[in-house]
Each structure stands twice: as C-alpha cells, then as structure tokens.
Amino acid sequence: MIEEPPEKTVEALLALSGKNRARLDRLHEVLTSPGHFGKGATAAEVVYRENKLRLLRLLDTEGRPGTGAPVLFVPAPVSRYFIIDLMPGRSFAGHVLAAGFDVYVADFGEPAREDRFCDLPYYVDGLLRRSVHTIRLRRDGLPVAIVGYCLGGTLSLLYSALYPESVSRLALLTTMVDGDYEGGISWIAHRMGLAGESYDDPRLVPAVEVKSWFEMLSPGSNSVLGRVNDLWNRLDESPERLRDVRTMASWVDDVVPAPGRLLAELYRQFGPGRNELMTGRTRVGLKPVTLADISMPVLSVSAEKDTIAPADAVDAISLVVPQAEVLRLPGGHVGIVAGRAASTLWRRTVEFLGASVGSPHAE
Amino acid sequence: MTDEKAETEPTLVDKWIKEQQEWQKTATAYFDSLVKNDDFLVNLGNAMRGSLLAGKPYPGSKPQEQAGATESPIPDDRIDEILHALHRIQGEIADLRMTVAELAARLPASATKPTPPDGSRGGA
C-alpha cells in the first residue's frame, strides 16, 4: 500500500471541507431568499367566492387583467392550485396571461369537515358552472376556454359535456379517461381501499391518506433518510435549480384532504370495473352526460413518464371524443406543467387557445 | 522563482485557518438567520423533509392550532350537514344573483334608468 504524503491528505480534506461548506452555504441561500410558500406567483384579484372556492383573475405587472379571450384554469381539487402558477418564470397561467388572454384560476381551497359531503354535482354543476358564469357575465357572454389539470380535467370534461355552448375550447392535461388501466392513481386508490369509501356516510379523507396513494406510485419517495440524502446530493446544484426543486417538492407534499363523497362517486362511476367515461355516457348527479355532446375543439396532453395518470389511460380520450387532439410530451405528471421543460406545453396550449379566436390576442 | 512561489502560495496552515474562518462565517450566517428570521427553522426542517411549505398554514386559512382551538371538541355530524346545506344554499343564491345580473345586462339602457322618486315619468 502506497501512503499519500501527509500534505496531500490534508489538501484533500480541505477540499472536502470546502465542498461541504459550499453546500451548506447554498442551502442557506435557498432558505433565506424569497421563495414560494403556497400562493400563486402572479398578482390576482378574487372575482368570485363560494365556500372555500376563490375564483382568481390574474393581473399583469401593471395590475390589469388580460384583454384577450377568457381562459379558466381548473386544477385538481385534491391539491393546491398554485402548481399552475408556481413561481415567477415558472407559471403556466402567467405565461398564458402574458400571451394576452384574460386568465382565471379556480382555487378550490382546503376542504373542511363539512365539505366531506361535496359530490360531483357540487363541483361540476355548482362551483365550476358558477365560475364560468361569473366570467361570462364579465365578458359579455363570451364562451370560456377551459384548461383542466388532472382531476380538474375530469371535472372540466364533464362540465363541457353538460354545457358545451359555454366552452370555446377544452384543454385537458394529464386527465385519465380509461379507469380500467392498471397503474395510476385511481387504480392505486382502488387497491388501497377507495372501494370502501362510503357515499352515504362520507368522511373527510385525510391529506396524509391521499398522499399515501401518490407515494405508492413511487415507493420510498417519503423516506426521510432518502430525502435528506437526496437534498444533500443536490446541494451541488445552483441555488436557482435548488429553489425550483424544493418548490416543486413543496407542492407535491402539500396535498389537501379530499371529500369522501366525491371520491366515492368518482370511484363508483369512473374507477376500475366501472369506467363509465370510456362508454361515453355517465352522469353528474341526476343529469345524464354524453361525451359526444362535447362539440368544441379538445386538446388532451399526456406525459410519457406519468405514473399518476399513465399516458395510455389519458390518450384513450380519442376513443370517446374523436375530435380530441392527443399530444404526448416527454416528462412526468408535474414536470410537464411546471418543470424545466414545461415551456413546450405552455407554448402548445397558447397555440391551441389562440386558434379558438383567430388570433392569440383577439377575442 | 521557487522562493517567490512559496511566498505567494499559502501554506497548508494558512489554508486550514482560512477554511476554519469560512466555516465560522457559514455557522454565523445560520445562527444569524435562526435568530432574525422566524421562518428559517421551519424552512430548514421542511427542507430536511423535502418540502419548503409543509407546516406553513395555507394562505387565507387559519394556522392549525388556531383552527383546532375553534373546533368543537366533539364533532357533530348534524352541524356538518347544516353547514354543508348552507354552502349549497349559498351557491343557489349566487345562481339567482347571476341570473338577475344577466337579465339586467340584457335590458335596454332606458329601462335601467332610475325612476324619479315621485313616480312621474317626466317629460310629459
């Protein structure tokens, strides 16, 4: 065994010390610089409130709303809305606003105990319908383009079938249509006991339980040791990149409780073995829904590496809404919306929304 | 030449001292933030758990301890059902208001002019 000269050993130790110190300095910079802590990055005014819902109208840097065609973003009610307005330079909704559209975002807020009774009609024929109505009242009755994300896409799809005249265009992002597909959040939730969720005596499903379904899709993702190790290894990256990663992780962590009645209904109608969306016929409460009534142009976007809403289960929309344009992008469920490569989706969505009015900025 | 190099390049001891000073700066920065920035410890803890947000109350909502303080010690399903029914009524009232606003917007401008308090139409 050849021994290193002591000087070399000390030099190596000093280099290691410097490297680890630099990591801690970087972490300090990330933790003390302005970051995103759970509110949208873009200025907004609340134009409608109902129960926990806040309908936000985004404002530009001068405090003015867009003057173009109205666009409503509908995120999933089981997570925070700000994934579509994550941080400056990383805001999907902000990008659409900058393209000239009049952008609205539905923030469903955090359900409380009494909201465990909220069901599909409450969301689709209640909150969503009145949000669209509010926008149309402000915009001389113009139909509204809807961009639905994940479960928000499912709500948007049902709404668009019920009230097609009020929707100019429909963009669905990582929205599962084929509930029989093995894998993905609905299948996991089914396996984890969602089948037993009571419609008549619902509970407020705790956030930690909802989160456990997502974690089942990537085992080990919630291990504290794994996370600390991951954080430590990532500290060699730039503070900007670290801030991005932490902000995304914050959103993933920050699941909200879910109304048991809504989940029971989703399972009963669209879950494995039921799969009503794939039949083209379902219902919202007592109202029959026929997907063939969706007459407006539809864009459905799936993500190649999506474990929550597998791409094949998303792309299946072309079987029940034949005019739907299906687009599969590289990336994961969250990454295509707010990750570093999200600009592809943003650009494509703006093109799609712009096509509804002849020009991206015109009404 | 060798002597010049030896003069400009710090010795191992110098490097070690410099590194210790840098560590002191890092430690001071952390302690400073811990003292001056209320959120820092929370952010640090959350970062260790993979999140910068966990543990922070959602904007517009009450912090957990506050929310817990106002909650009834024995949750009553009937209260929840009443609250939920009220939320539904809130939605129905909003529907009515929107319909009225829609109808008002369709009226010709003359029809929305306020009637004089004495009830006369004026101009006769």
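Start by selecting Glu22(B) and Arg21(A): in this predicted model the two form a salt bridge, with their closest N and O atoms 3.8 Å apart. Keep both side chains on screen as sticks while you look around.

**The interface around that pair**

Now widen the selection to everything that joins the two chains. How many salt bridges are there between chain B and chain A? The count is 10. If you switch on polar contacts as well, the interface of chain B and chain A has 22 residue pairs of that kind, counting pairs in which both residues have a pLDDT of 80 or more.

Next, colour chain B by helix and look at the side that touches chain A. Three helices of chain B, α2 (12-36), α3 (38-48) and α5 (77-106), each give at least two residues to this side. Select α5(B) in particular, since you will come back to this helix: the largest share of the side of chain B that touches chain A comes from here, with 16 residues. Recolour the same side by residue class and you should find 18 nonpolar, 11 polar and 13 charged residues.

Then show both sides together. Chain A brings 50 residues to the contact and chain B brings 42. The size of an interface is often given as the accessible area lost when the parts come together. Here, chain B and chain A bury about 4,200 Å² between them, and 62% of that is on carbon and sulfur atoms.

**A stop at Thr26(B)**

Stay at the interface and centre on Thr26(B), which sits in helix α2 of chain B. Is this threonine, Thr26(B), buried or exposed? Its relative accessible area is 3%, so Thr26(B) is buried. Set aside neighbours within four places in sequence, and the contacts of Thr26(B) are Arg21(A), Leu24(A) and Asp25(A). You have already met Arg21(A), the partner of Glu22(B) in the salt bridge.

**Chain B from end to end**

Hide chain A for a moment and trace chain B in cartoon view. Chain B has 5 helices and 0 strands, giving the pattern α-α-α-α-α along the sequence. Of its 124 residues, 19% count as buried.

Now colour chain B by pLDDT. The average for chain B is 73, and 57% of the residues score at least 70. Which element of chain B has the highest mean pLDDT, and which the lowest? Helix α5(B) has the highest, at 93, while helix α4 (residues 64-70) of chain B has the lowest, at 45. Select residues 52-70 of chain B: pLDDT stays under 50 throughout, and the model gives this stretch 33 contacts beyond four places in sequence. Residues 117-124 of chain B also have a pLDDT below 50, with 0 contacts beyond near neighbours in sequence. Where pLDDT is low, the predicted coordinates should not be read in detail.

**Over to chain A**

Bring chain A back with the pLDDT colouring still on. Chain A has a mean pLDDT of 88, and 91% of its residues reach 70 or more. A stretch to treat with care is residues 356-363 of chain A, where the pLDDT is below 50 and the model has 19 contacts beyond near neighbours in sequence. For the model as a whole, the scores are ipTM 0.80 and pTM 0.81.

Select helix α9 (residues 260-270) of chain A next. This helix is mostly covered, with 10 of its 11 residues buried. Among the buried ones are Arg261(A), Glu265(A), Tyr267(A) and Phe270(A).

Follow the chain onward to Asn275(A), in the loop between α9 and β9 (281-284) of chain A. Check the backbone here: phi of Asn275(A) is near 50°, a positive value in a residue other than glycine. Asn275(A) is buried, with a relative accessible area of 6%.

For another positive phi, jump to Thr174(A), where the angle is about 45° although the residue is not a glycine. Thr174(A) lies in the loop between β6 (167-173) and α5 (185-191) of chain A. With 0% relative accessibility, Thr174(A) counts as buried.

Finish at Ala112(A), in the loop between β4 (102-107) and α3 (120-138) of chain A. Ala112(A) counts as partly exposed, at 25% relative accessibility. Beyond its neighbours within four places in sequence, Ala112(A) is in contact with Lys52(A) and Leu204(A). As a last step, draw a distance from Ala112(A) to Ser238(A): the C-alpha atoms are 39 Å apart, and the residues are 126 apart in sequence.

Key: Residues numbered from 1 in each chain as written. Chains lettered and ligands numbered in written order. Heavy atoms only, no water. Contact = heavy atoms within 4.5 Å. Buried area = accessible area lost by both parts, 1.4 Å probe. Salt bridge = Lys/Arg side-chain N within 4 Å of Asp/Glu carboxyl O. Polar contact = N/O pair within 3.5 Å; in protein donor to acceptor, adjacent residues only side chain to side chain. Helix = DSSP H or I, 4+ residues; strand = E, 2+ residues; numbered from the N terminus. Nonpolar A, V, L, I, M, F, W, Y, C, P; charged D, E, K, R; others polar. pLDDT = per-residue confidence, 0-100. Buried < 20%, exposed > 50% of the residue type's maximum accessible area, 1.4 Å probe, protein only.
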